[in-house]
Structure formats: C-alpha cells, structure tokens
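Student: I'd like to learn how to read a few features off a protein model. Can we work through one together?

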Amino acid sequence: MELNEASISRRNLLRGAAAAAVLLPFGATLASCAAPGGGGGGGDEPAGEVTSDNPFGVAANSTVDAVIFDGGYGIDYVQNAASIMEGNAGLDGVTVKVSASTKIAQELQPRFVGGNPPDLIDNSGANSIGFNTILDQLEDLSEVLESNNLEGEKIADTLFDGVKAPGTFGDKFAALNYVFTTYAVWYSGSLFEENGWEPPKTWKDLKALGAAAKEKDKYLFLWGKEAATYYQTFVVDSAVIQAGDDVRLPLENLEEGCWSHPALQGILTELHSLIEAGYVKPGGAGTQFTQAQAQWSLDQEALLYPSGSWIENEMKDTTAENFQMMGVREMPLDDSATTPAGYMRAEAGEPFIVPTNAKNPAGGKELLRTMLSKQAASDFSKNKLAPTVVKGTVPDDGFGSTALVSQVEMIDAAGSGMFTIKSFNLYGMNSDQLPIWNSFLDGKMSVAEITKQLQDLTDRIRNDSSIEKIEIK
C-alpha cells in the first residue's frame, strides 16, 4: 500500500466517521438534491424469494453493480467473491459486475445525486465520499452481520471484536470495514536469531539493542522524510499503551498541555537519547521514504522499523531473501503500564457501503455476505498478506508469511484491547507535523522544543473558530 493511499484512506474514513457522529442530522446532504425513488429501496419487499441461501431475497437473473476502490489491495478480491456468489446455486442466474475506481467521490457522487448509485461501494482512497453527505442514503448493514455466512455460521460470531464501531454513525451501522490493520514494530526474524537478539518489550530495552546494533555497524532505527510521522504514531501509541485514556483522550480532544503527559515525555526522552547516542541513522529528512524502508528491509542497515501492517506488501519486491519479517506491538515505556496485556492499536479499513437507492441493494448485501465467507476472506489474506475482519482464516503458517503470522498473534493477544487515534488525521495535522518530526529525528530539536511545537500546532487548531471541533471518546 502506498504511503499516501494508506494515510489518506484512513484519514478520510476517520474524518467521515467522526464528522458523521457529530454533524447529524445533515440538513444539506446529497439526499436533499437526490432524485426520489431510483428503483431500489432498502425498505422495499425483497424482489426474490428469501431462503437460507438467499437471505436478502436477491431477484433471480438480476445484476449486481459493485464499484471498488482500486488502491493497494486492487479489486481482484471482490471479483473473486463475485465468482463465488455467481456459483451460489441458491441465486438463480444472478451476475455481478465489478468495476474499479480511483476517484470514488468524483465518479459516484453524480450517481447518488441521480438516484442510481451502485449496489456495493468500497468507499476508500483520497477521493472517498464523506459519510456525512450520504449517511441517510445508506442501508443499515446490521442484517448482514445477523445473517449466516456461506459456511452456515452467524457472521457476527465470526468477526474480530470492534468491527462494528468504526462503521457506526449515530445509530446506523452503515459501513463494514473489511481489512484489519495493525500497528507494530517490524524486524527481521532471521537477523535477530542469527545474532541472539530479542525483540524489545518496552522502550527501556531499546538502548541495549541500539548498542548491540552499533557493534554490528548497524542502526537501531531509520526513517524517510515523507514517513517521519510514523515515529509520532510510534511514540503516541506507545504512550497510550503505557497510560491508556489518560494520554489518548487529551490528545484526541486537543486539550491544553496534552503533549506534556509524563508517559509521552518519558518516551520522547528515550527516543531523543537514542538519537543522541547515534542509534538512529541520520539523513532521513533527505531520503525518500521507500528508499529508506529498503535500507531496512533489503540492506538491513537498521534493526527495527515502526509501521502499519501494509509494510510487508509494500516492500515485497525490496526485501532481503530469508528476511522473515516479524512484528511486535508498539511497546510501553516500562513495566508499569496501566493497560491490559496485549493492548495495541489496530483498526479495520476499506469501508463497504450499500446505497438504499441502488437498483439491487439486496445484491450488494449478498456480495458483502460472500466476501465475509471463510473462503473469500482466506483467499484475500493469502493473496494480500493481510488479515480481514473474519477470524480464523489465516493458517498457522500465515500462507508462508511470518509477518502475517505476527499480525494474527498480536490481534489474538489483544482480544478486545485495541484503540485508534483519530485527531491527527481528522484535523489534517500531518503536513504540519512532518517537518517537526524530521527535525527531531535529525537531532536538531530537543524534547522541550518538539513538545512546544506540537502543542502550539494543537493549540492553534483548538483556538481556530473556523474549524469545527469534534469530541472523540
């Protein structure tokens, strides 16, 4: 997954989710100018016979129109589900058309306005549609979770915890996010085994590991200029793992002094000491981020790299042979963390929606039900090396991917103990934070200076009356 695709996709999802939660009702949505009717209607009686193989009553010989964001995961996984669905003997002659789009809003907003949206949409990417503009035109997808999957199990019982929350706006479960992203610190399992190193469990373990790396003429960390805020993610997530909502909520809600929390300050101090010790490769502020990542995954100049779980797929062509990529959750400051064991940042992405005014909303739901089958979810993980929201579809060997095995182990260890951070993307802070973090990682800024600059940015947004503030809980 490209950096921009990854970050912008999440930014738009979170912006839409948070905005929708606060801005309801939407007096000036697309619905107000949409043509009435449209031939669909989630409230209509099913057009086809409702059976166990056809729980939403898809009409015989109908066509399902799906438009899928063609980003880091492509569209072939939905085409695969479409093939499975077309082979369902309980759906008499139903066919599925899967189309790609990289500009969801630009291409589909006119269809919403015209009253003929597709039956299923992957509303992702930089050009996704804000949920606040279409929420009252979307089906509630609760009945999808209440239905049985193709294997006969209730779908809600087959999913990881917390799947419903990101797609629930107000009281409506309007978007089902299909792919699970974990945030971790990644390393070469073979390099660590060869040298007898252990992955760190707390920030207090990093200095000794940095010294061990230096003995091998390697660094502990490195970074690239466009991805300097990966270290902000690492620092903030670690502080939340250390102290929970005492750190998270003040940051999320732009409170005065939020960057001065002792857990954040402790971790920033540890990172600064690693930089001063020469354990962070200098010059990242002038290095393109994938080049920097290749210095880690191919050249193995550094031991660790903090990133989302898209890193394996992103670097699959520039990773050393027998690298054996593995991950550990972002770690707390020390052994006194107040959160449960395994607590980590993880979130579902790729939000799928079913418009009410589509011609065949039952068909859209049926395609989504098919995607949530164990077969389709397993096929996705095998081909994309990423877990879906469906549990138990990745074998113990991770389809040969040690990174995927690590992801599943981290998710299992976390259970329901997962969190997200929304405010940075919600308020579009990344572009302003990047130069701050590039300077800090380059050793040109003290802990006090980075704290002041990040707090000043937070305060400017809080005090700007033109920016609508959204309470995050």
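Student: Let's start with E350: is it buried or exposed?

Tutor: Buried means under 20% relative accessible area. E350 comes in at 9% relative accessibility, so it counts as buried. Keep in mind that we're working with a predicted model here.

Student: Where does E350 sit, and what is its phi?

Tutor: The general idea comes first: most residues other than glycine have a negative phi. E350 is found in strand β9, and it has a positive phi of about 65° although it is not a glycine.

Student: Which other residue has a positive phi without being a glycine?

Tutor: Q300 is one, with phi near 55°. Q300 lies in the loop between α11 and β7. It is buried, with a relative accessible area of 17%.

Student: Back to strand β9, then. How many of its residues are buried?

Tutor: β9 covers residues 344-353, and 10 of the 10 are buried, so the strand is largely enclosed by the rest of the structure.

Student: Which strands does β9 pair with, and in what sense?

Tutor: Go through the partners one by one. Strand β3 (residues 120-122) pairs with β9 in the antiparallel sense over two bridges, and I121 has I353 of β9 as its bridge partner. Strand β6 (residues 176-188) also runs antiparallel to β9, joined by six bridges; there, L176 stands opposite F352 of β9. Then comes strand β10 (residues 418-419), which pairs with β9 in the parallel sense over two bridges. In that pairing, R345 has F419 of β10 as its bridge partner.

Student: What about β6: how many of its residues are buried, and what else does it pair with?

Tutor: 13 of the 13 residues of β6 are buried, so it's mostly covered. Four bridges join β6 to strand β7 (residues 305-308), and the two run antiparallel. Five bridges join β6 to strand β8 (residues 325-329), again antiparallel. A184 is a handy residue to click on: its bridge partner in β7 is S307, and its bridge partner in β8 is R329.

Student: Now helices. How do I describe two of them packed together?

Tutor: Two packed helices are described by the angle between their axes and the distance between the axes. Take helix α10 (residues 262-276) and helix α17 (residues 430-441): they pack at an angle of about 50°, with axes 10 Å apart. That makes α10 oblique to α17.

Student: Which residues make that contact?

Tutor: On α10 it's L268, L271, H272 and I275, and on α17 it's W437, F440 and L441. By type, they divide into six nonpolar, one polar and no charged.

Student: Why does the spacing along a helix matter when I read a list like that?

Tutor: An α-helix has 3.6 residues a turn, so residues three or four places apart point the same way.

Student: Is H272 buried or exposed, and what is it in contact with?

Tutor: H272, found in helix α10, is buried, with a relative accessible area of 15%. Leaving aside neighbours within four places in sequence, H272 is in contact with F440, M445, S446 and V447.

Student: What comes in the loop between α10 and α11?

Tutor: Y279 lies in that loop, and it is buried, with a relative accessible area of 11%. Residues far apart in sequence can be checked by their C-alpha distance: Y279 and G210 are 69 residues apart in sequence and 5.5 Å apart in space. Not counting residues up to four places away, Y279 touches K207, G210, A211, K214, Y219, L220, F221 and L274.

Student: And how many residues of helix α11 are buried?

Tutor: Seven of the nine residues of α11 (residues 289-297) are buried, so this helix is largely enclosed by the rest of the structure. The buried ones are F289, A292, Q293, A294, Q295, W296 and S297.

Student: Let's zoom out. What do the totals for the protein chain look like?

Tutor: The secondary structure comes to 18 helices and 10 strands. Buried residues make up 59% of the 473 residues. The chain exposes about 18,300 Å², with carbon and sulfur atoms supplying 46% of it. For contacts with a separation of 6 or more, residues 24 or more positions apart account for 78%.

Key
Residues numbered from 1 in each chain as written. Predicted model: local features only at pLDDT ≥ 70, side-chain atom pairs only at ≥ 80, totals over all residues. Heavy atoms only, no water. Axes fitted to C-alpha atoms, helices over the stretch in contact; angles between N-to-C directions. Parallel < 35°, antiparallel > 145°, perpendicular 65-115°, else oblique. Contact = heavy atoms within 4.5 Å. Nonpolar A, V, L, I, M, F, W, Y, C, P; charged D, E, K, R; others polar. Buried < 20%, exposed > 50% of the residue type's maximum accessible area, 1.4 Å probe, protein only. Areas by Shrake-Rupley, 256 points an atom, 1.4 Å probe, with all protein chains shown as cover. Pairing = 2+ DSSP bridges.
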